[in-house]
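Reader: Could you take me through this one and tell me what stands behind each label you use?

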Amino acid sequence: MAKSIRLAAALGLMLTGPVAGDTADGDALIGQDWDTIIEMARGGEVNWFLWGGSDTINQYVSEYLGGILEDEYGITLNRVGLSDTVEAVNIVLGEAEAGVTEDGSVDLIWINGENFRTMVQADLAWCGYPGTLPNNDLIDWDNPSIATDFGVPVDGCEMPWNRAQFAIAYDSARTEMPPRTIAELIDWVDANPGQFTYPAPPDFNGSVFVRHVFYHAAGGVDALLGPFDQALYDEVAPRAWEILNAMEPHLWREGQTYPTSITQLDQLFANSEVAFSFNYDPSQFGLAVESGLWPETVRSYGFADGTIGNTNYTLIPFNSPNKAAALVLQNLLISAEAQLEKARPEVWGTVPAIDLGAVPDEIRAEFDALPSHPSVVAPEVLAEAALPELQAEWIAAIEQGWIENVGR
Amino acid sequence: MPGGARTFLLLAPALVVIGVLFLGGLGVAVLRSVGYMPLIGLTDPSLDAYAALLSNRDFYRSLALSLHISITSTLIASVIAVGAALLLRRGFAGRGIVSFLFQLNLTVPHLVGAIGILYLFSQSGSFARLGYQVGLIDQPGQFPALVYDPFAVGIILQYVWKEVPFIGLVVLAQMQGIGADYEAAARSLGARPWQAFRHVLLPLILPGLLASSAIVFAFTFGAYEIPALLGQSHPQALPVLAYRLFTDVDLAARPQAMAASILIAAISGVMVWAYVALTRRRVGG
């Protein structure tokens with residue numbers, strides 16, 4: 001069997017031809033002088049696989065980040081858009097199985113949560129390099145919401161890029177009194193049939209909505225923190241499915257079907273078919289308004305009983321052939337300037353992952369002076385009632401439970 | 001160079017593509033479907049993935065949906081295509097333009113067609129807006145559900161729209177090759193138009209019709225993108241189910257995804273074979 005896999009790998013190499021894996025050897029880079037790494041990366045390319053569903057994010061990546069890489073380092077940035085991060089995980093996994101250990105096609109992945117767990121579980125992540133990046137000084141690794149990714153210790157295997165917290169969007173011209181808690185939302189759905197729905201898990205945003213209901217059914221998140229507990233799950237899950245199943249006949253299309261992606265929910269909201277959309281990244285609301293998809297009367301908020309927040313990261317696969325260029329890109333991603341640019345509402349408006357206490361004063365002043373978008377709830381306001389994410393095993397169990405008990 | 005070797009050499013590029021890319025991919029998929037993935041510690045081949053899939057109620061609902069989509073689309077598209085070909089083979093004023101319009105959507109990608117269906121037929125699409133303007137409906141929910149619907153109307157509409165010209169062109173080319181002499185002979189011997197069509201023309205165009213509609217059947221049975229865009233969240237068409245298993249965060253679900261893909265290939269092979277055998281017997285080749 002091993003022979004056939006070696007054969008398949010050899011065939012694969014024959015077909016694609018050898019590609020120079022200049023900086024595939026990660027050990028040689030760790031602790032290396034930064035200027036040396038830049039010289040090793042110069043003139044090369046970096047293949048970044050990331051969710052591609054937002055034109056504004058794509059523009060920031062391709063034009064702003066890609067422009068700096070090209071102008072200052074002569075590095076070509078190839079942005080590869082994904083509809084789901086797991087697609088990139090599958091590529092690396094397939095390459096590892098075929099024995100491609102230093103000539104992989106993925107140099108960087110925008111990642112967190114379950115996909116990070118998969119990469120760590122299958123030993124596909126390159127680790128131990130953060131200290132090599134000069135801008136690592138801007139990262140507060142003592143903050144548990146940065147040092148653990150959905151309960152899995154980061155351990156130098158990925159670098160934080162953004163922080164995000166779930167929020168709900170509504171059109172203030174259509175809905176005067178939006179529900180302020182999960183309990184109120186449940187009542188609101190009963191009173192307003194056909195006006196609410198959520199994307200079917202495993203969609204990322206649909207899944208986090210279901211977790212809010214799950215926390216509500218558990219009477220708070222505290223008991224659910226920590227490793228997966230089958231007995232506790234068996235106790236809470238039936239209550240959560242009961243709530244969601246009771247909601248179902250009052251959902252859009254009487255709950256006979258659910259949107260399959262957040263994009264579909266956003267379209268339903270834009271077309272006034274439903275009264276709410278929501279997102280793990282509230283800056284998306286501002287972008288939708290700015291691009292004319294949503295009316296300017298859109299406002300957003302977090303539930304009074306809290307909404308779930310997380311940090312998302314970038315990760316370099318073990319078999320990336322362009323590790324030096326990937327490091328240069330990662331260092332750029334967490335630079336104060338790039339994080340400031342990304343925080344501008346018209347560019348992306350997302351919450352920085354760096355410690356603002358550590359950035360130079362003049363950039364700090366610019367951060368403080370950033371205008372906020374009227375459609376985007378301020379991160380500080382959201383942060384007043386923030387809920388932690390669960391460990392990945394919990395999330396997988398809840399998603400599977402939803403599919404089996406509610407979705408079918 | 002002897003003729004045999006030369007033929008083989010000339011065929012080699014095509015054989016390499018089929019052998020390495022297609023059969024190779026199929027082989028890896030079979031390996032993975034029996035749970036041979038050393039990287040995540042699965043080294044004992046077994047048929048567990050098939051057993052899990054075949055004992056899952058969702059699999060059968062997905063299978064039924066996929067069969068419904070491809071049989072209905074193929075049937076409707078074939079009937080319309082033969083009808084259109086019968087009309088188009090006659091000479092009439094503006095035939096050139098009509099033929100051009102008939103073939104036009106062959107160049108439109110499936111995905112673009114799906115977006116068109118969405119814009120026209122969704123509950124907030126053009127027809128719903130028209131219905132609202134003339135006072136037929138008050139809100140989107142009152143417009144009949146034609147996309148993301150339990151009967152897969154949107155998916156079938158998209159496939160029929162896209163496949164009619166494909167089957168139509170194949171059948172039309174065949175009709176033009178045959179000419180009108182055989183039917184004329186049948187008519188002069190007293191056959192009515194329907195009889196001439198059913199017993200003379202249809203058996204003659206059958207090879208083309210069979211080949212093109214079998215392609216349409218196999219394609220619509222195995223295609224992912226249209227049911228993914230226009231389908232319900234549950235049940236999902238088989239390819240969508242396979243992809244969901246493939247993108248499951250639990251790596252242990254990968255063998256099931258591969259098993260589903262192998263079953264899709266096997267079922268569509270068996271169906272195409274049965275379809276060709278059955279139609280041959282009923283229409284008489």
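Here is a short conversation about the labels and the values behind them.

Author: One thing up front: this is a predicted model, where local features need pLDDT of at least 70, side-chain atom pairs count only at pLDDT 80 or more, and totals for chains, interfaces and linings use all residues. Residues are numbered from 1 along each chain as its sequence is written, while chains are lettered from A and ligands numbered from 1 in the order in which they are written.

Reader: What makes the radius of gyration of chain A agree with that of a compact globule?

Author: The radius is taken over C-alpha atoms, and the globule rule is 2.2 Å times the number of residues to the power 0.38. For 408 residues a compact globule would come out near 22 Å, and chain A has 22 Å, so the two agree. The C-alpha atoms of chain A fill a box of roughly 65 × 60 × 40 Å along the principal axes.

Reader: How many helices and strands does chain A have, and what counts as one?

Author: Chain A has 16 helices and 12 strands. Both are DSSP runs numbered from the N terminus: H or I over at least four residues for a helix, E over at least two for a strand.

Reader: What makes β8, β7 and β9 of chain A a sheet?

Author: Two strands pair if DSSP finds at least two bridges between them. Strand β7 (residues 167-171) of chain A has 4 bridges to β9(A) and 4 bridges to β8(A), so both pairs pass the cut-off of at least two. The result is an open sheet in the order β8-β7-β9 (chain A), with antiparallel pairing. As for individual partners, A:Asp171 is bridged to A:Val298 in β9(A), and A:Ile168 to A:Phe278 in β8(A).

Reader: Why are β8 and β9 of chain A said to stand at the edges?

Author: β8 (276-279) and β9 (298-301) of chain A each have a single partner strand, so one side of each has no neighbour in the sheet.

Reader: Are the residues of β8(A) buried or exposed, and which way do they point?

Author: A:Phe276 and A:Phe278 point one way, A:Ser277 and A:Asn279 the other, and all are buried. Buried means 20 or more other C-beta atoms within 10 Å of the residue's own, with C-beta atoms placed from the backbone; 12 or fewer is exposed, and in between is partly exposed. In chain A, 49% of the 408 residues count as buried.

Reader: How do you know which domains chain A has?

Author: The bounds come from an automatic or database domain assignment, which gives domain 1 (2-161 + 312-371) and domain 2 (165-309 + 383-407) in chain A. Their C-alpha centres lie 30 Å apart. The contact takes 14 residues from domain 1 of chain A and 13 residues from domain 2 of chain A, where contact means C-beta atoms, placed from the backbone, within 7 Å. Helix α5 (residues 113-121) of chain A gives the largest share of the domain 1 side, 3 residues.

Reader: What does chain A bring to its contact with chain B?

Author: The contact takes 27 residues from chain A and 23 residues from chain B. On the chain A side, α4(A) gives the most, with 6 residues.

Definitions and conventions:
Two residues are in contact if their C-beta atoms, placed from the backbone, lie within 7 Å.
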